[in-house]
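The following note is offered to a colleague who is meeting this structure for the first time. It is arranged as numbered points, to be read alongside the sequence and the model.

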Amino acid sequence: MSAKSSRFPLPLSHVMGGDTGRRLSDADYRLREIAPQTAVRNRMQTCFPDKAAGQVKSSGFAAMPVLSVRQKNLPEPARGAAVMAEKVAAQGIRDTLVLDALRAIPRHLFVASALAQRAYEDTSLPIGHHQTISRPYTVARMIEAVRLEAGNKKLSSVLEIGTGCGYQAAVLSQVADQVYSIERIRALHEQARQNLRVFRLPNLRLHYGDGRLGLPQVAPFDAIIIAAAGLDVPEALFLQMAVGGYMVAPVGSERQQLQLTKRTGKKQWESVMLEDCRFVPLRQGVI
Ligand code: SAH
């Protein structure tokens, strides 16, 4: 983080351009095993029996990307998720907690059955209402970015703007104590609720509303993840960051970049641009 500003909101000129993200070193990561919550474990007894039985251990970064014998023996969805996580790791994601969360959450349950076969490709897919489920790499990159900057400790309170089908919210529930997610399209909010019901995640709360306003009644958050792109980040969201907290947000229209911001003081924020990205637009109001 090198650009400083005491003005508000942050002008883009105060934001570093290009690939200024800190290069990740192995020392930045500790190998951590995910401890899936009971609800996820229950669900996985049908989809991911080996994982549910606790037999699939984190392969860590070094073990990527060859399919192990154990992965070949996994049922189709679990193998798909394992291969998907390897593809994501091969693109530079090293946070084992995040990779384990990608392995743990069955992505095919978040798309229409006609698209289920493609659910473990590293690609965004349509979820109706002109919206998409984000690309797994992008989901992982955003979560890794805030976790890495926060020193890889478990995030306590996280806000996601743009629930969509609920996939990223489910992944976040595995790496944070408490997750709040807001969606502005009622039909998608209901769909996400339906998709997530089976997981019974006690630490995930879905809200229907305009995420540009955040959730002042729950703020401050130690991480905010915005899953839709605006020309700038709404002021309310800057103000709902905890001091010392992080926000990752796609910014731009034709060309979008992921902007990582730290709140360094009561009236001070610092930002860097991480990389180019592609998101649906952040819109105002609810429908
Ligand atoms: N997090 C999703 C990605 C959803 S796509 C995933 O798991 O893959 C982005 C979502 O942001 C869309 O569903 C869109 O309706 C929603 N969105 C856009 N503007 C919003 C706003 N102001 N408040 C809340 N949600 C918004």
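**Note on the ligand site and two backbone features**

1. The shell around the ligand comprises 11 nonpolar, 9 polar and 6 charged residues. The reader should bear in mind that this is a predicted model. In total, 26 residues surround the ligand, and the closest are Ser 134, Glu 160, Glu 183, Gly 211 and Arg 283.

2. Several secondary-structure elements contribute to this shell. At least two residues each are supplied by strand E3 (131–133), strand E4 (155–161), helix H7 (167–173) and strand E5 (176–183). The largest share, 3 residues, comes from E3.

3. Which atoms of the ligand pair with Glu 183, Asp 210 and Tyr 167 deserves separate mention. An oxygen atom of the ligand lies 2.6 Å from an N or O atom in the side chain of Glu 183. A nitrogen atom of the ligand is 2.9 Å from a polar side-chain atom of Asp 210. At Tyr 167 the partner is a polar backbone atom, which is 3.5 Å from an oxygen atom of the ligand. As to cover, the ligand has 580 Å² of accessible area on its own, and the protein covers 99% of this area.

4. The ligand should also be considered together with the space in which it is placed. That space is the largest pocket, whose volume is about 600 Å³. The pocket is lined by 42 residues, of which Gln 131, Thr 132, Ala 227, Ala 228 and Val 280 are the closest to its centre.

5. The composition of the pocket lining may be set beside that of the ligand shell. The lining of the largest pocket divides into 18 nonpolar, 14 polar and 10 charged residues. Its contributors of at least two residues each are E3, helix H6 (136–149), E4, H7, E5 and strand E10 (268–277).

6. Two points of backbone geometry merit attention. The first concerns Ala 219 and Pro 220, which are joined by a cis peptide bond with an omega of about 10°. Pro 220 is placed in the loop between strand E6 (204–208) and strand E7 (221–226).

7. The second concerns His 129. This residue is not a glycine, yet it has a positive phi of about 60°. His 129 is located in the loop between strand E2 (125–128) and E3, and E3 is among the strands that supply residues to the shell around the ligand.

Note on methods:
Residues are numbered from 1 along each chain as its sequence is written. This is a predicted model: local features need pLDDT of at least 70, side-chain atom pairs count only at pLDDT 80 or more; totals for chains, interfaces and linings use all residues. Side-chain values use heavy atoms; hydrogens and water are left out. A residue is near a molecule or strand if one of its heavy atoms lies within 4 Å of it. A polar contact is a pair of N or O atoms within 3.5 Å; within protein, one must be able to donate a hydrogen and the other to accept it, and residues adjacent in sequence count only if both atoms are side-chain atoms. Accessible areas come from the Shrake-Rupley method with a 1.4 Å probe; for residues, only the protein chains shown count as cover. On a 1 Å grid over the protein atoms alone, a cavity is a set of points where a 1.4 Å probe fits but cannot get out, and a pocket is an open set with protein on both sides within 12 Å along at least five of seven lines; lining residues have an atom within 4 Å of a point. A molecule sits in a cavity or pocket if more than half of its atoms lie within 2 Å of its grid points. Helices (H or I, at least four residues) and strands (E, at least two) are DSSP runs, numbered from the N terminus. Ala, Val, Leu, Ile, Met, Phe, Trp, Tyr, Cys and Pro count as nonpolar, Asp, Glu, Lys and Arg as charged, and the others, Gly among them, as polar. Grid points are joined across faces, edges and corners, and a volume is the space filled by probe spheres set on the points.
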